[in-house]
Amino acid sequence: MGIKYSNKINKIRTFALMLIFAGIIIMYLGLFFQTSAILMTLFMLLGFLSIIASTVIYFWIGMLSSKTIQVLCPGCGKYTKMLGRVDACMHCSEPLTLDKSLEGKEFDEKYNHKNENKLKG
Ligand SMILES: [Zn+2]
């Protein structure tokens with residue numbers, strides 16, 4: 001116990017949000033380099049790129065969300081969106097799985113990357 005699993009969509013959303021803040025901070029830092037046009041432009045460009053990247057991630061998440069499966073969480077009774085074969089509940093971080101063979105096993109992100117070779121051999 002102790003380790004809290006978080007929902008993948010939530011994780012990516014948090015990352016996108018951080019990227020926006022990082023972009024703003026980088027652009028703000030650029031203001032301290034007003035004496036050097038090159039440095040300031042570089043900071044502004046980097047900040048701008050971070051914000052663009054996060055916009056792209058937000059867009060991508062929107063696309064992903066439409067493709068995810070909605071499941072009723074047994075832990076909190078709320079509907080959550082699952083990404084991949086195993087994911088955590090968005091509301092209570094309860095580990096969930098779509099694969100019956102994985103039920104009852106310890107939650108592991110590795111189950112999302114099915115090892116084909118291992119199954120054949
Ligand atoms: Zn839940």
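Mentor: Before we look at any loop, note that a strand here is a DSSP run of E of at least two residues, while a helix is a run of H or I of at least four, both numbered from the N terminus. Keep in mind, too, that this is a predicted model.

Trainee: What does the protein contain when it is described in those terms?

Mentor: The protein has three helices and four strands, and along the sequence they follow the pattern α-α-β-β-β-β-α.

Trainee: Where does serine 93 lie?

Mentor: Serine 93 is in the loop between strand S3, residues 86-88, and strand S4, residues 95-97.

Trainee: What makes serine 93 count as buried, exposed or partly exposed?

Mentor: A residue needs 20 or more other C-beta atoms within 10 Å to be buried, and 12 or fewer to be exposed. Serine 93 has 19 C-beta neighbours inside 10 Å, and therefore counts as partly exposed.

Trainee: What is notable about phi of serine 93?

Mentor: Phi of serine 93 is near 60°, which is a positive value in a residue other than glycine. As a general rule, most residues other than glycine have a negative phi.

Trainee: Why does lysine 67 count as buried or exposed?

Mentor: Lysine 67, which lies in helix H2, has 8 C-beta neighbours inside 10 Å. The limit for an exposed residue is 12 or fewer, so lysine 67 counts as exposed. Lysine 67 is also 8.7 Å from leucine 83, C-alpha to C-alpha, although 16 residues separate the two in sequence.

Trainee: What is the angle at which helix H1 and helix H2 pack, and what is the relation between their directions called?

Mentor: Helix H1, residues 8-30, and helix H2, residues 37-67, pack at an angle of about 165°, with their axes 8 Å apart. Angles over 145 degrees count as roughly antiparallel, and H1 and H2 are therefore roughly antiparallel to each other. The residues of the contact of H1 with H2 divide into 22 nonpolar, six polar and one charged. The crossing of these two helices is left-handed.

Trainee: Where does UniProt place the feature "transmembrane region"?

Mentor: The unreviewed UniProt entry places this feature at residues 12-31 and 37-61. In the model, residues 12-31 are 95% helix and 0% strand, with end C-alpha atoms 29 Å apart, whereas residues 37-61 are 100% helix and 0% strand, with end C-alpha atoms 36 Å apart.

Trainee: What share of the protein do buried residues make up?

Mentor: Buried residues make up 15% of the 121 residues in the protein.

Notes:
Residues are numbered from 1 along each chain as its sequence is written. This is a predicted model: local features need pLDDT of at least 70, side-chain atom pairs count only at pLDDT 80 or more; totals for chains, interfaces and linings use all residues. Axes are lines fitted to C-alpha atoms, for helices over the stretch in contact, and angles run from 0 to 180 degrees between N-to-C directions. Angles under 35 degrees count as roughly parallel, over 145 as roughly antiparallel, 65 to 115 as roughly perpendicular and the rest as oblique. A crossing is left-handed if the near helix is turned anticlockwise from the far one by less than a right angle, and right-handed if clockwise. Ala, Val, Leu, Ile, Met, Phe, Trp, Tyr, Cys and Pro count as nonpolar, Asp, Glu, Lys and Arg as charged, and the others, Gly among them, as polar. UniProt positions are given in the numbering used here, feature names are shortened, and annotations may be inferred rather than shown by experiment.
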